[in-house]
Amino acid sequence: MKSSLSFSKRERVASGGAKRRAIIVHNHIFKNAGSSVDWALSRNFGEGFLDHRDDLNMRRGAEYLGPFLQENGHILAVSSHHLTLPLPAVDNTVLLNLMMFRHPIERVSSVYHYERKQVTASTSGAIHARELGLDDYIVWRMRPDVGRTIRNFHAARSLPPIRPRQAISESMERDARNQLMTTPMLGLVENFDGSMVLFEEVLSPYHPAIDLSYTRQNVNQDIQQSGEDRIEAMRKVISDRTYQLLMENNAVDMRLYEFCQGLFDERVKKVIDFDRKLADFRQRCINNH
């Protein structure tokens with residue numbers, strides 16, 4: 001695999017035949033299989049992939065990201081846990097936003113167990129996960145003065161920055177839907193392989209040799225267990241009241257998740273020979289081992 005994939009002829013600017021740069025911008029959602037996505041991007045782009053960890057600068061949004069990408073012309077893919085929308089406009093460049101969505105309730109136990117494992121971390125999430133059982137941890141996370149990590153988190157990451165205590169209004173939910181509709185690479189964790197096939201379809205005009213086959217990274221739960229099984233296991237150790245609180249505080253995310261499922265299904269139907277491409281993709285993943 002070459003460290004930098006070639007550009008398609010259709011992406012050459014008519015004025016002088018210059019290459020039009022295409023940059024993948026991964027809105028890396030915590031515990032949404034982002035590490036596996038990044039592994040595939042790094043495998044394809046080598047030094048052209050950046051796992052961006054300068055969180056303070058990234059939170060500045062377009063005023064930082066636009067000039068940064070212009071000044072670092074080798075970057076073809078960037079991933080950040082703190083990406084701020086909207087994306088900047090960059091001359092002679094197309095920015096391809098990538099975001100993985102996950103069932104918001106199924107995701108909760110994954111967040112908890114991951115934070116609980118961070119035995120030396122000093123973040124409030126890791127500290128509370130180590131000190132509290134799952135029920136008390138969820139109740140703590142529902143407080144408006146605590147980060148949104150399991151509280152309509154996807155919705156917040158689909159919007160420009162909002163205040164920590166700010167409720168997500170109907171108009172904001174509509175804005176989030178519009179953002180998701182215009183996200184060219186929108187995937188579902190529960191259908192990860194199918195998502196990667198869709199991403200390859202989006203990227204192939206820019207990078208004809210793209211191959212997003214992967215080896216799973218950063219897995220802390222039984223991948224053979226279904227999402228429904230994980231939710232049921234969680235319900236057995238938390239109270240009905242806590243579960244209801246969790247549902248109430250993820251009502252927007254639940255609606256957005258159903259919306260994303262519909263978008264995903266529509267996009268799959270538009271891919272010619274999707275089943276054959278999915279089978280080929282899975283064989284490539286096997287060959288990675």
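# Strands and aromatic rings

Isoleucine 23 has leucine 95 as its bridge partner in S4, and this pairing is a good place to begin. The model is predicted, so local features need a pLDDT of at least 70 and side-chain atom pairs count only at pLDDT 80 or more, while totals for chains, interfaces and linings use all residues. Residues are numbered from 1 along each chain as its sequence is written, and side-chain values rest on heavy atoms, with hydrogens and water left out.

Isoleucine 23 belongs to strand S1, which covers residues 21–27 and runs parallel to S4, the two being joined by six bridges. Helices (H or I, at least four residues) and strands (E, at least two) are DSSP runs numbered from the N terminus, and two strands pair if DSSP finds at least two bridges between them. Another place where S1 meets S4 is arginine 21, which stands opposite threonine 93. S1 is also joined to strand S3 (residues 77–80) by four bridges, and these two strands again run parallel; here isoleucine 24 has alanine 77 as its bridge partner in S3. From S4, four further bridges lead to strand S5 (residues 185–188), which runs parallel to S4, and methionine 99 stands opposite leucine 186 of S5.

Are the residues of S1 buried or exposed? Seven of the seven residues in S1 are buried (under 20% relative accessible area, with exposed meaning over 50% and partly exposed in between, for a 1.4 Å probe and protein chains only). Both faces of S1 are covered, with Arg21, Ile23, Val25 and Asn27 on one side and Ala22, Ile24 and His26 on the other. S4 is mostly covered as well, since nine of its nine residues are buried. From S4, Thr93, Leu95, Asn97, Met99 and Phe101 point one way, whereas Val94, Leu96, Leu98 and Met100 point the other way, and all are buried.

The aromatic rings add another layer to the picture. Rings of Phe, Tyr and Trp (its six-membered ring) pair if their centres lie within 6.5 Å, and planes under 30 degrees apart count as stacked, over 60 as edge-to-face and the rest as tilted. By this rule there are seven aromatic pairs. The rings of tyrosine 64 and phenylalanine 68 have centres 5.4 Å apart and planes at 25°, so this pair is stacked. Both residues lie in helix H3 (residues 62–71), where they are four residues apart, about one turn of the helix, and both are buried.

A tilted pair is formed by phenylalanine 101 and tyrosine 257, with 6.3 Å from centre to centre and 35° between the planes. Because phenylalanine 101 lies in strand S4 (residues 93–101) and tyrosine 257 in helix H12 (residues 251–269), the pair ties together parts that are 156 residues apart in sequence. Phenylalanine 101 is buried, its relative accessible area being 0%, and tyrosine 257 is buried too, with a value of 7%.

Elsewhere, Tyr112, Tyr137 and Trp140 form one aromatic cluster. A ring can also face a charge, as happens where the charged end of arginine 235 sits over the ring of tyrosine 243, 3.8 Å from its centre; for this, NZ of Lys or CZ of Arg must be within 6 Å of the ring centre and within 35 degrees of the ring normal.
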